[in-house]
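I opened this notebook to record what I looked up in one structure. The entries are ordered by topic.

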Amino acid sequence: MSEAAPGWREILAPQYLTRFLFLCLGVWLNAADSLVTVTITPSIAKDIGGFRYFAWSVAAFLLASILSGAVSGRLSLRLGLRGALTASAMVYAAGCVMSAVAPDFLTFVAGRLIQGFGAGAIMALCYVATTALFPERLWARVFGAIAGVWGIATIVGPLLGGLLAGPGLWRWTFWLFAAQAMVFILAALTMIARQPKEDAAPAPIAWSQLIALTLAVGGIALAGVVGEPWQAAALGGGGVAALAWMIAVNGRTPGALLPKAIGDIAGVAAAGYLMIFAFEAASVAFTVYGPALIQARHGVTPLVAGYVITAIAGGWTVTALAVAGVQNRDGLMIRLGAATLLVGILFSIWAMPRGGLIAVTLGMLVIGAGFGLSWAFATRRILSGLDEEQQALASSAVPTAQLIGGAVGSAAVGAAANALGFGEGIDPAVAQTRGLWLFALFAPLALIGWAAAWRLGRRVTT
């Protein structure tokens with residue numbers, strides 16, 4: 001404790017406080033944006049139409065975040081940190097404006113795509129900015145504090161979205177975030193010194209994998225809106241094939257999204273990343289369609305529906321903090337967390353379309369608790385099985401695998417929802433009778449995640 005107090009006092013001192021708030025704002029733009037949009041998307045679809053493309057807004061944002069995060073390092077080398085942050089925030093603000101004025105849902109999806117490009121780069125560059133704005137002795141403390149922004153966003157995000165969506169003012173949400181982006185730009189120009197162009201060769205970018213991922217998400221998403229069954233099958237199968245090819249060429253081309261060890265299907269890394277991908281892809285269905293089903297079935301406001309869904313984030317945060325001190329129990333915690341996740345997902349498959357509001361909230365909390373119990377330990381187990389050369393990429397690939405799972409899962413649940421008749425809207429009868437099938441389709445992914453986690457938990461490294 002004697003070391004902690006001076007550290008916090010130094011961060012909150014005048015010379016560092018504004019820098020700290022600047023970084024928190026950058027993280028907030030990513031964290032709160034996602035949670036607010038989940039809350040208000042049902043209201044947007046009712047207002048301007050677009051239930052047929054409902055899930056595309058989530059898939060587009062996540063896919064763009066992956067793409068921009070992958071090239072943010074090169075952008076920083078070309079423009080300098082100040083220029084890269086400024087350019088990224090301008091892109092984000094432009095996306096917010098497009099979403100705010102969107103006359104139809106496809107225009108709104110395009111706005112979300114542009115927002116994702118900006119938000120993903122801002123998030124990645126904020127971690128770079130931490131090392132540039134603070135001395136090394138404060139890095140760990142700043143990183144930890146920034147992570148707390150996600151907890152704040154869990155509380156404030158649904159509140160903001162619900163208050164604006166309720167009276168039909170959802171467009172003001174995006175104007176508000178555009179204004180915050182402009183504040184971020186002014187802060188970046190003020191706080192970060194202009195840097196000369198660096199001579200260092202930029203790290204290679206995994207263009208082939210990024211293109212394959214784009215084709216995968218696009219193919220799966222389009223499968224839900226084409227008219228003919230054979231077209232849907234071809235697009236969906238092509239998307240899955242593109243995803244498989246992305247994994248197959250990992251490490252064989254310049255740059256890589258994932259460490260080379262993922263090619264060893266019997267190894268630690270492969271099991272760990274499969275666990276993360278599968279559980280995220282299985283659970284994102286509740287995030288995408290949960291608020292709309294909750295509002296349709298229970299007649300609650302967007303505010304209430306938003307808080308029910310963000311119980312996942314709340315359960316994750318609280319549980320992760322509770323088990324942070326557990327040592328030498330990685331395998332046990334991974335298996336316990338995976339079992340909790342599986343139970344939470346299977347229970348929620350029934351609760352979301354058939355259960356009461358309390359049951360749905362409980363299911364979301366259990367899912368979040370499963371992530372919180374296992375996440376840190378799975379990450380540590382993945383890293384412990386790799387050599388030092390691969391550990392840096394392996395660490396950054398953990399959130400990348402999660403984003404890929406979210407993007408693919410969002411596209412897939414959108415296609416499934418359209419096939420089940422949700423493309424024209426969601427009423428209480430449809431929500432109850434067909435909602436079970438919508439979420440049950442993702443049960444196999446949850447089982448795959450559990451099996452991968454069980455194997456990861458059994459693995460002993462030296």
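The entries below cover aromatic rings, a helix packing and several single residues.

**Entry 1. Status of the model.** I note at the outset that this is a predicted model.

**Entry 2. Aromatic pairs.** I first asked how many aromatic pairs the count comes to. With ring centres required to lie within 6.5 Å, the count is 15 aromatic pairs. I then examined Trp 170 and Phe 174, whose ring centres are 6.4 Å apart. Their planes stand at 80°, and edge-to-face requires over 60 degrees, so I recorded this pair as edge-to-face. Both residues belong to helix α6, which spans residues 170-191. They are 4 residues apart, about one turn of the helix. I checked whether Trp 170 is buried or exposed. Its relative accessibility is 2%, so Trp 170 counts as buried. Phe 174 is likewise buried, with a relative accessible area of 1%.

**Entry 3. A stacked pair between helices.** I turned next to Trp 316 and Phe 371, an aromatic pair with 4.8 Å from centre to centre and 15° between the planes. This pair is stacked. Where do Trp 316 and Phe 371 lie? I found Trp 316 in helix α11 (residues 311-322) and Phe 371 in helix α13 (residues 357-384). The pair therefore ties together parts that are 55 residues apart in sequence. Both Trp 316 and Phe 371 are buried.

**Entry 4. Further ring arrangements.** I noted a cluster in which ring pairs link Phe 51, Phe 54, Tyr 289 and Phe 422. I also looked at Arg 335, whose charged end sits over the ring of Trp 454 at 3.8 Å from the ring centre.

**Entry 5. Packing of α10 on α13.** Helix α10 (residues 302-309) packs with α13 at an angle of about 40°, and the axes are 8 Å apart. The two helices are therefore oblique to each other. I listed the residues that meet: Val 304, Val 308 and Ile 309 from α10, and Leu 357, Val 360, Thr 361 and Met 364 from α13. I classed the residues of this contact as 6 nonpolar, 1 polar and no charged.

**Entry 6. Ser 283.** I located Ser 283 in helix α9 (residues 268-298). The residue is buried, at a relative accessible area of 5%. Which residues is Ser 283 in contact with, leaving aside its neighbours within four places in sequence? I found Ile 345, Ile 367 and Phe 371.

**Entry 7. Two residues of α3.** Leu 62 lies in helix α3, and so does Arg 78, the helix covering residues 56-101. Leu 62 is buried, with a relative accessible area of 15%, whereas Arg 78 counts as exposed at 62% relative accessibility. Not counting residues up to four places away in sequence, Leu 62 touches Leu 403, Gly 406, Ala 407 and Ser 410. I recorded a C-alpha separation of 24 Å between Leu 62 and Gly 425, which are 363 residues apart along the chain. For Arg 78 and Leu 362, 284 residues apart along the chain, the C-alpha atoms are separated by 48 Å.

**Entry 8. Asn 328.** Most residues other than glycine have a negative phi. I therefore noted Asn 328, whose phi is near 60°, a positive value. Asn 328 lies in the loop between α11 and α12 (330-354). At a relative accessible area of 69%, Asn 328 is exposed.

How values were computed:
Residues are numbered from 1 along each chain as its sequence is written. This is a predicted model: local features need pLDDT of at least 70, side-chain atom pairs count only at pLDDT 80 or more; totals for chains, interfaces and linings use all residues. Side-chain values use heavy atoms; hydrogens and water are left out. Rings of Phe, Tyr and Trp (its six-membered ring) pair if their centres lie within 6.5 Å; planes under 30 degrees apart count as stacked, over 60 as edge-to-face and the rest as tilted. Buried means under 20% relative accessible area, exposed over 50%, partly exposed in between (1.4 Å probe, protein chains only). A charge sits over a ring if NZ of Lys or CZ of Arg is within 6 Å of the ring centre and within 35 degrees of the ring normal. Axes are lines fitted to C-alpha atoms, for helices over the stretch in contact, and angles run from 0 to 180 degrees between N-to-C directions. Angles under 35 degrees count as roughly parallel, over 145 as roughly antiparallel, 65 to 115 as roughly perpendicular and the rest as oblique. Contact means heavy atoms within 4.5 Å. Ala, Val, Leu, Ile, Met, Phe, Trp, Tyr, Cys and Pro count as nonpolar, Asp, Glu, Lys and Arg as charged, and the others, Gly among them, as polar.
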